[in-house]
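Trainee: Before we begin, could we go through this model by asking, for each term, what value stands behind it?
Mentor: Gladly; let us look at it together and take the terms one by one.

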Amino acid sequence: MRVRIKKDKNNIPKALRNIQELNKKDAVIGYHEKNHTEMVAGVQEFGARVPVTDKMRAYLASQGLPLKASTKEIVIPERAFIRTGFDRGVDDVVRLVEKHIDEAIAGSLPAKVFLHMIGDEMRDQIRDHADDLRNPANHPFTVEEKGENDPLEDSGHMIDSMEVKVK
């Protein structure tokens, strides 16, 4: 009887290269262009205090919202949809990572694809939270204008504009 010993293939160097590739990249979720949508998302996320000008006072009065003479600023409350959506969605993202990390290390799932998948899941978790957010409520005038109390939803553009970039 003959016995053959085959040389075992060592995959450790490849796995280490794949881990290094994963460590070089990040999935960045958010608004990647400085534009009106990014500004509105920032105001919603952190809130804002907007000084009332005479022009603003006249415009709001013409729209049916006269301000008291004592009103010096309009307060837009913080609606931390990104931070809170992240906190609420992180467990689902961790489960996704746990499910696919072996493939990413082995190289059957490229690092960029793996990170995009994770980023897409987190973005979707944040979007879902933003869609569900109802507090703090819109001002009664805004509710009347929109027909509902859906603080982060008007056209859907702000929430839909959130992107994932792997860098």
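Trainee: Which residue follows α2, and what is the sign of its phi?
Mentor: Bearing in mind that this is a predicted model, the residue after α2 is G47, and its phi is positive, near 80°. Most residues other than glycine have a negative phi.

Trainee: What makes N35 a cap at the N-terminal end of α2?
Mentor: A side-chain oxygen of N35 lies 3.1 Å from the backbone nitrogen of T37, and a polar contact requires a pair of N or O atoms within 3.5 Å, so the distance of 3.1 Å satisfies that cut-off.

Trainee: Which residues of α2 are buried, and what covers them?
Mentor: In α2, which spans residues 36-46, the buried residues are T37, A41, V43, Q44 and E45, and their cover includes the strands β2 (48-51) and β3 (73-76) together with the helices α4 (81-106) and α7 (157-160).

Trainee: Why is H129 called buried?
Mentor: H129 has a relative accessibility of 9%, and the term applies under 20%, so H129 counts as buried. H129 sits in helix α5, residues 111-132, and, when neighbours within four places in sequence are left aside, its contacts are A80, F81, T84, G85 and R88.

Trainee: What makes the peptide bond between N135 and P136 a cis bond, and where is P136 placed?
Mentor: The bond joining N135 and P136 is cis, with omega at about -5°, and P136 belongs to the loop between α5 and α6 (140-146). As a general background, most peptide bonds are trans.

Trainee: How do you know that the chain as a whole departs from the value for a compact globule?
Mentor: For 167 residues, a compact globule would have a radius of gyration near 15 Å, whereas the chain has 24 Å; the C-alpha atoms, taken along the principal axes, fill a box of roughly 100 × 25 × 20 Å. Buried residues make up 29% of the chain.

Trainee: What share of the contacts with a separation of 6 or more joins residues 24 or more positions apart?
Mentor: That share is 72%, in a chain with 7 helices and 4 strands that follow the pattern α-β-α-β-α-β-α-α-α-α-β along the sequence.

Trainee: How far apart are the mean positions of the positive and negative charges?
Mentor: The mean positions of the 27 positive and 29 negative charges are 10 Å apart.

Conventions:
Residues are numbered from 1 along each chain as its sequence is written. This is a predicted model: local features need pLDDT of at least 70, side-chain atom pairs count only at pLDDT 80 or more; totals for chains, interfaces and linings use all residues. Side-chain values use heavy atoms; hydrogens and water are left out. Helices (H or I, at least four residues) and strands (E, at least two) are DSSP runs, numbered from the N terminus. The radius of gyration is taken over C-alpha atoms; the globule rule is 2.2 Å times the number of residues to the power 0.38. Buried means under 20% relative accessible area, exposed over 50%, partly exposed in between (1.4 Å probe, protein chains only). Contact means heavy atoms within 4.5 Å. Lys and Arg count as positive and Asp and Glu as negative; His and the chain ends are not counted. The place of a charge is taken as NZ of Lys, CZ of Arg, CG of Asp or CD of Glu. A polar contact is a pair of N or O atoms within 3.5 Å; within protein, one must be able to donate a hydrogen and the other to accept it, and residues adjacent in sequence count only if both atoms are side-chain atoms.
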